[in-house]
Amino acid sequence: MITTVTLNPAIDRSYIINNFKPNNNYRIDDVTVTVGGKGINVARTVSALGEKLNATGFLGGITGDYIKKQLNDLGIATSFVKINDESRNFTAIIDPINRTETTVNEVGPFVSKTELTKFIKEYIKILKYSKIIIASGSVPKGVPKTIYRDMVKIAKDNNVLPIIDASGKFLEEAIKAKPYMIKPNLKELRELVGYELNNEYEIIHESKYICKQGVGLVVISLGSKGAIFTTREKVIKVEAPNIKAVNTVGSGDALVAGFAVALVNKFDLDNAFRYGIACGAANALEKGTGNIKKETVERLFSQVKLTRLE
Ligand SMILES: Nc1ncnc2c1ncn2[C@@H]1O[C@H](COP(=O)(O)OP(=O)(O)OP(=O)(O)O)[C@@H](O)[C@H]1O
Ligand SMILES: [Mg+2]
């Protein structure tokens, strides 16, 4: 079983407003509501691929209840820890005329020490039934910056493969516990290494350096260009299929989900890379986030080109 961890889930609301301006009053009939947070996007993709999973993390208030219900309605088993504060809302106002995107991102809940301890207990319990854990996204207030590092250590102690898709200090700390896999995009890798990274050579150099520190697999996703997969044995470049992208938000989450599903289904490593890339592209073909179609993934899979660089 795959376990997804979302410490800071959200309800994502997106409004399409032509000629959006402050101080105006708008009546909206084009509203898209999705439950999100990167780990929840991963959960939705894993579920769309027909794989068994459990989604955990923190949820609070009526926002939390709504998120849980949406996941359960999709047939996703959940074991979130209930917190006292309300889970967050994320609002985006998209103006197609002026091509602007205004976002309002609530900081979200505070997690108490007792709630954190409860989560760790729950996490250890779920690991007993899991092959892979995927922890993704931002972290709420009250949770220490070592959280992903601690979770990686506990997963490894329980023979579960930890995959971390995080950024900044949280990623930096997680690397110290040597996760099985990390998947920064180029911007997140730049932030981690502290310089611009202008070419493939530099990306590979940094990926190899992270592998030397003990990370099993470093995946640097490059949007429409695909991704570079680095292990201690090899460096593989996987090109994304040429598609007409509709919405690439969550494509990284879909890549991670697809790769994990492929591993659980005993694909060899190269084919798991290809499957992950096919899922990233399949997500980009849909309006929603993480609502991929398995048939699309299977069709794209055969088009994914893989080159061994080292
Ligand atoms: N325009 C596109 N065309 C084809 N494939 C794409 C496109 N955009 C993304 N992908 C696929 O999805 C993968 C992940 O995308 P990307 O690098 O944008 O991840 P990300 O920035 O982590 O996204 P997010 O954090 O929103 O999930 C890419 O490696 C690629 O395989
Ligand atoms: Mg990402």
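**Exercise 1. Find out how exposed Lys 82 is, and which partner its side chain meets in a salt bridge.**

Step 1. Start with accessibility: Lys 82 has a relative accessible area of 53% and is exposed. Here exposed means over 50% relative accessible area, buried under 20%, and partly exposed in between, with a 1.4 Å probe and protein chains only.

Step 2. Before going on, a word on the source: this is a predicted model, in which local features need pLDDT of at least 70 and side-chain atom pairs count only at pLDDT 80 or more, while totals for chains, interfaces and linings use all residues. Residues are numbered from 1 along each chain as its sequence is written, chains are lettered from A and ligands numbered from 1 in the order in which they are written, and side-chain values use heavy atoms, with hydrogens and water left out.

Step 3. Now the partner: Lys 82 forms a salt bridge with Asp 65, and the closest N and O atoms are 3.2 Å apart. A salt bridge is a side-chain nitrogen of Lys or Arg within 4 Å of a carboxyl oxygen of Asp or Glu.

Step 4. Place both ends: Lys 82 is in strand β6 (residues 81–83) and Asp 65 in helix α2, so the pair ties together parts that are 17 residues apart in sequence. Helices (H or I, at least four residues) and strands (E, at least two) are DSSP runs, numbered from the N terminus. Asp 65 is partly exposed, at a relative accessible area of 40%.

**Exercise 2. Work out how many salt bridges there are, and describe the one between Asp 253 and Lys 38.**

Step 1. The count comes to 12 salt bridges.

Step 2. Between Asp 253 and Lys 38 the N to O distance is 3.3 Å. Asp 253 belongs to helix α8 and Lys 38 to helix α1, so this pair joins parts 215 residues apart in sequence.

Step 3. Compare the two ends: Asp 253 is buried, at 1% relative accessible area, whereas Lys 38 is partly exposed, at 33%.

Step 4. For another pair, look at Lys 293 and Glu 286, whose side chains meet at 3.2 Å, N to O. Lys 293 is partly exposed, with 39% relative accessibility, while Glu 286 is buried at 17%.

Step 5. Finally, there is a network of salt bridges that links Arg 149, Glu 173 and Lys 176.

**Exercise 3. Decide which residues of helix α1 are buried and what they pack against.**

Step 1. Helix α1 covers residues 38–48, and eight of its 11 residues are buried, so the helix is largely enclosed by the rest of the structure.

Step 2. Those buried residues are Gly 39, Ile 40, Asn 41, Val 42, Ala 43, Arg 44, Thr 45 and Val 46.

Step 3. Their packing partners are the strands β1 (2–6), β3 (31–36), β4 (53–60) and β9 (132–136), together with the helices α2 (61–73) and α8 (251–264).

Step 4. Follow the chain just past α1, and you meet Gly 50 with a positive phi of about 85°.

**Exercise 4. Describe the second largest pocket by its volume and its lining.**

Step 1. The space in this pocket is about 160 Å³. On a 1 Å grid over the protein atoms alone, a pocket is an open set of points where a 1.4 Å probe fits, with protein on both sides within 12 Å along at least five of seven lines; lining residues have an atom within 4 Å of a point.

Step 2. The lining consists of Glu 172, Ile 175, Lys 176, Leu 192, Val 193, Glu 206, Tyr 209, Ile 210 and Gln 213. Elements giving two or more residues to this lining are α5 (168–176), α6 (186–193) and α7 (200–212).

Step 3. Look closer at Glu 206, which sits in helix α7. Glu 206 is buried yet has no salt bridge, and Lys 212, the nearest side chain of opposite charge, is 10 Å away.

Step 4. Not counting residues up to four places away in sequence, Glu 206 touches Val 193, Tyr 195 and Leu 197; contact means heavy atoms within 4.5 Å.

Step 5. Leu 197 lies in the loop between α6 and α7 and is buried at 2% relative accessibility. Its phi is near 60°, a positive value in a residue other than glycine.

Note on methods:
Grid points are joined across faces, edges and corners, and a volume is the space filled by probe spheres set on the points. Lys and Arg count as positive and Asp and Glu as negative; His and the chain ends are not counted.
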